[in-house]
Amino acid sequence: MAKRALITGVTGQDGSYLAELLLAEGYEIYGMVRRLSMENYDRIEHILDRIKLVNGDLLDEYSIMDAVSSVQPDEVYNLAAQSFVPTSFAQPMLTAQFNGLGVLRWLEAIRRLKPDTRFYQASTSEMFGKVREVPQTELTPFHPRSPYGVAKVYAYFITVNYRESYGLHASNGILFNHESPRRGLEFVTRKITDGVARIKLGLASQLRLGNLEARRDWGFAGDFVRAMWLMMQEEQPDDYVIATGLEHSVREFCEIAFSRADLDYRDHVVEDPEFWRPAEVHHLLGDPSKAREKLAWEPEVTFEELVAMMVDADLERVGREMKGA
Ligand code: NAP
Ligand code: G4F
């Protein structure tokens, strides 16, 4: 019988790649979606006929309990979250509810209704924040720098706690930044590649960005969802850093992205304090040795290939939109 996976956040970047992967692995897939005034299935349109949608919201424990009862999932991937760090400064309460207590609601529903369900929590390198060591491993202490990071630290430890207290198969993937042509337009990589396309095609001349010296360990989302699935197949639940082990600055991202379109970023990028954060995470670099050794996981797409993939996709999309197609 096919395994059943329930994915929260299936309409998001990672949810869409994970759904594709699990379909290829022969899973029966249920995606949890919340009610919006207009459907936003753009990222999963191509697979909508092969997945089943269930209604629910991280804020509503009854909808989560109903989802567990009706789907009876073998695996739950909790990818849903308020995922944009600046919004967490503007809406800290909402972020704590979604990203912190939302996870507790899932763990409680599983514990009470189907305790043999395996649970994946989308933890994040943002938990390392003001980093205590370089590179960061599973043993590096956390020092989050945003309400987003603080809520995710709660989520991380409540997942560990339910594993230790109740024996749930609950794992944290501590994922470093991962990107793709499906990344939301507000995140810096996609903002840059969309900006490159608009400038190249004559729709804009400037791109206003914040801290160009911030450094991140950027990988490809398609590679990173494979790590989520691999850790759920392990007999023992555990926590894993998922990263490429290489870092670049926002400035370097700009340089490569603009040159992909034969442009010089220095002619177009304007530094704007509007995009600075109340507290910045200056530098993140992961050590994925444990995932490499235990899960045999390796990223396949290089940084340069990722930037090229994103620029090319945005050039194609913006060009298509200009033609009215
Ligand atoms: P994303 O594109 O922003 O997707 C977030 C998803 O969460 C969307 O499907 C959204 O649904 C859903 N969602 C938000 N609030 C919800 C609520 N109250 N109830 C139900 N669903 C809700 O994020 P992503 O980049 O795919 O990231 C996936 C997860 O990994 C997130 O938890 C994020 O914090 C974490 N993470 C991401 C990265 C990264 O670099 N991408 C790194 C580490 C960890 P709507 O479509 O309805 O808005
Ligand atoms: O792309 P970002 O907004 O991603 P950030 O804050 O690192 O968070 C992402 O990765 C986390 C994993 O570490 C996830 F947990 C989280 O959900 C999200 O997916 O910003 C990256 C860096 C920051 O240092 C920011 O200050 O880029 C810098 N930056 C510079 N100019 C900018 C801009 N970021 C944005 N969004 N917009 C700018 O104009």
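In the predicted model, an oxygen atom of ligand 1 lies 2.6 Å from a side-chain N or O atom of Ser 83. Two further side chains supply polar atoms to this ligand: that of Thr 11 places one 2.5 Å from an oxygen atom of ligand 1, and that of Arg 34 places one 2.8 Å from an oxygen atom of ligand 1. On its own, ligand 1 would expose 910 Å², of which the protein buries 91%. The surroundings of ligand 1 comprise 26 residues. The closest of these are Thr 11, Arg 34 and Ser 83, together with Asn 40 and Tyr 148.

Ser 83 also takes part in the surroundings of ligand 2. Whereas the side chain of Ser 83 is directed to an oxygen atom of ligand 1 at 2.6 Å, a polar backbone atom of Ser 83 is found 2.7 Å from an oxygen atom of ligand 2. A second backbone approach is made by Glu 186, with an N or O atom of its main chain 3.0 Å from a nitrogen atom of ligand 2. Arg 277 contributes through its side chain, a polar atom of which is 2.6 Å from an oxygen atom of ligand 2. Of the 720 Å² of accessible area that ligand 2 has when taken alone, 95% is covered by the protein.

Around ligand 2 there are 24 residues. Those that come nearest are Thr 124, Ser 125, Tyr 148, Arg 277 and Glu 280. Tyr 148 is thus listed among the closest residues of ligand 2 and among those of ligand 1. By residue class, the shell of ligand 2 consists of 11 nonpolar, six polar and seven charged residues. Both domains take part in this shell, each of domain 1 and domain 2 providing at least three residues.

The domain assignment divides the protein into domain 1, covering 4-178 + 218-242, and domain 2, covering 185-216 + 248-280 + 302-324. The centres of the two domains, taken over C-alpha atoms, are 28 Å apart. Contact between them involves 11 residues of domain 1 and 16 residues of domain 2. The area buried between domain 1 and domain 2 amounts to about 1,300 Å², with 70% of it on carbon and sulfur atoms. On the domain 1 side, the greatest losses of area to domain 2 fall on Phe 84, Arg 145 and Trp 218, which together account for 57% of what that side buries.

Polar and charged pairings across this interface were also examined. One salt bridge is found between domain 1 and domain 2. Arg 216 and Glu 126 form a salt bridge in which the closest N and O atoms are 3.8 Å apart. In addition, one residue pair in polar contact is identified across the interface of domain 1 and domain 2, both residues having pLDDT 80 or more.

Methods
Residues are numbered from 1 along each chain as its sequence is written. Chains are lettered from A and ligands numbered from 1 in the order in which they are written. Side-chain values use heavy atoms; hydrogens and water are left out. A residue is near a molecule or strand if one of its heavy atoms lies within 4 Å of it. A polar contact is a pair of N or O atoms within 3.5 Å; within protein, one must be able to donate a hydrogen and the other to accept it, and residues adjacent in sequence count only if both atoms are side-chain atoms. Accessible areas come from the Shrake-Rupley method with a 1.4 Å probe; for residues, only the protein chains shown count as cover. Ala, Val, Leu, Ile, Met, Phe, Trp, Tyr, Cys and Pro count as nonpolar, Asp, Glu, Lys and Arg as charged, and the others, Gly among them, as polar. Domain bounds come from an automatic or database domain assignment. Contact means heavy atoms within 4.5 Å. Buried area is the accessible area (1.4 Å probe) that two parts lose on being put together, summed over both. A salt bridge is a side-chain nitrogen of Lys or Arg within 4 Å of a carboxyl oxygen of Asp or Glu.
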